[in-house]
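Me: I've got a model open on my screen and I'd like to talk through a few bits of it. Can you help me out?

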Amino acid sequence: MTARAAPGTLDGHTTRGEAMLEFGKKALETIGFGVRYPGGVVGLREVSAGFAANRVTAIIGPSGCGKSTFLRGVNRLTDEFGCEYEGRVILSDGADVLKLNAYDLCLLRGEKVGYVTQKPTPFSGKTVLQDVAMPLKALGVRDRDVVYGRVRAALEKAALWDETRDRLDHLSTSLSIGQQQRLCIARAIINAPEILLLDEPCSSLDPRSTQLIESLIVELAREHTVILVTHNMQQAQRVAEYTMFLYEGTLVEYGLTPVLFSNPSHPLTADYIIGKFS
Ligand SMILES: Nc1ncnc2c1ncn2[C@@H]1O[C@H](COP(=O)(O)OP(=O)(O)OP(=O)(O)O)[C@@H](O)[C@H]1O
Ligand SMILES: [Mg+2]
């Protein structure tokens, strides 16, 4: 595996702004990907990186370095903030996310890229069944048996079926926080997206729920390409095969997780992973 050395420097050291790791199939590739918020705030700067299919890749870095911007940019949720883009975000079918029209964007978010936020987001007033089924409804799937079967399969994959099989008609907001987060994962995977984006999915959870979700992430990578944002260095090492370190919107270092953590090549990475700054 190699990482092509990159343009630019940070604190006088070369950064790996381009990180084309050599692995098999890629589910996603960004080329010179930049995101700018209104007012000129740079969220991401020329990030070029491939993401290995059916693997977990962790994105780490200090607060404000662009981790969430990267995830939201990949499914163009950053459109909502009026962001402008540079570069390309290429899916496995060759489509450039940055060029999709409104209709294709709906399909992208509904079918190809699932997204789970930091805080669980159950829909208020919806039952567990209705909540998980929401993306199906949006795509016009109405048949009750089909909906039930798909919801059940998604809840099983999200390791929540046993706890909810008798509570499908209860409000989703009545579940515990840990269960709500697994419900959000079930909702995000119900249309079998190729890519699953998880933005600090365990940050509001207790240790037991965190452990459950970490095991789940590893399982989910069998069927999805998982990109996981985390502030938890141990979590990245437990679940991610690859890790990317961002700093001030720039990709500083990207590689196999054990290599990045045991032998970081950039002093900023070294300082960050030992907690010198956060
Ligand atoms: N809606 C917004 N409008 C303007 N600037 C924003 C907006 N959201 C994020 N930013 C800016 O973009 C940069 C990257 O923010 P981002 O939220 O991606 O960081 P992050 O790495 O996810 O941080 P955290 O670890 O705190 O979640 C920061 O400078 C941030 O202030
Ligand atoms: Mg964030």
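Reply: Sure, and keep in mind that this is a predicted model. One cut-off first: a residue counts as buried if 20 or more other C-beta atoms lie within 10 Å of its own.

Me: With that in mind, which residues of strand β8 are buried on each side?

Reply: In a regular strand the side chains alternate between the two faces of the sheet. Strand β8 covers residues 113-116, and both of its faces are covered. One side has Val113 and Tyr115, and the other has Gly114 and Val116.

Me: Which strand is joined to β8 by bridges?

Reply: Valine 113 stands opposite isoleucine 195, and valine 116 stands opposite leucine 198. The two strands run parallel, with 4 bridges between them. The partner is β9, residues 195-199.

Me: Which strands stand at the edges of the sheet?

Reply: The sheet is open and mixed, with 6 strands in the order β8-β9-β10-β6-β11-β12. An edge strand has a single partner, so one of its sides is left without a neighbour in the sheet. That applies to β8 and β12.

Me: And which helix packs on the sheet at β8 and β9?

Reply: Look at residues 177-189, which touch both strands. The helix direction makes about 165° with that of β8. That's α6.

Me: Last one: which helix gives the most residues to the shell around ligand 1?

Reply: The shell includes Lys67, Ser68 and Thr69, and it divides into 4 nonpolar, 7 polar and 1 charged. The top contributor gives 3 residues and spans 67-74. So it's helix α1.

Methods:
Residues are numbered from 1 along each chain as its sequence is written. Chains are lettered from A and ligands numbered from 1 in the order in which they are written. This is a predicted model: local features need pLDDT of at least 70, side-chain atom pairs count only at pLDDT 80 or more; totals for chains, interfaces and linings use all residues. A residue is buried if 20 or more other C-beta atoms lie within 10 Å of its own, exposed if 12 or fewer, and partly exposed in between; C-beta atoms are placed from the backbone. Two strands pair if DSSP finds at least two bridges between them. A residue is near a molecule or strand if its C-beta atom, placed from the backbone, lies within 6 Å of it. Ala, Val, Leu, Ile, Met, Phe, Trp, Tyr, Cys and Pro count as nonpolar, Asp, Glu, Lys and Arg as charged, and the others, Gly among them, as polar. Two residues are in contact if their C-beta atoms, placed from the backbone, lie within 7 Å. Axes are lines fitted to C-alpha atoms, for helices over the stretch in contact, and angles run from 0 to 180 degrees between N-to-C directions.
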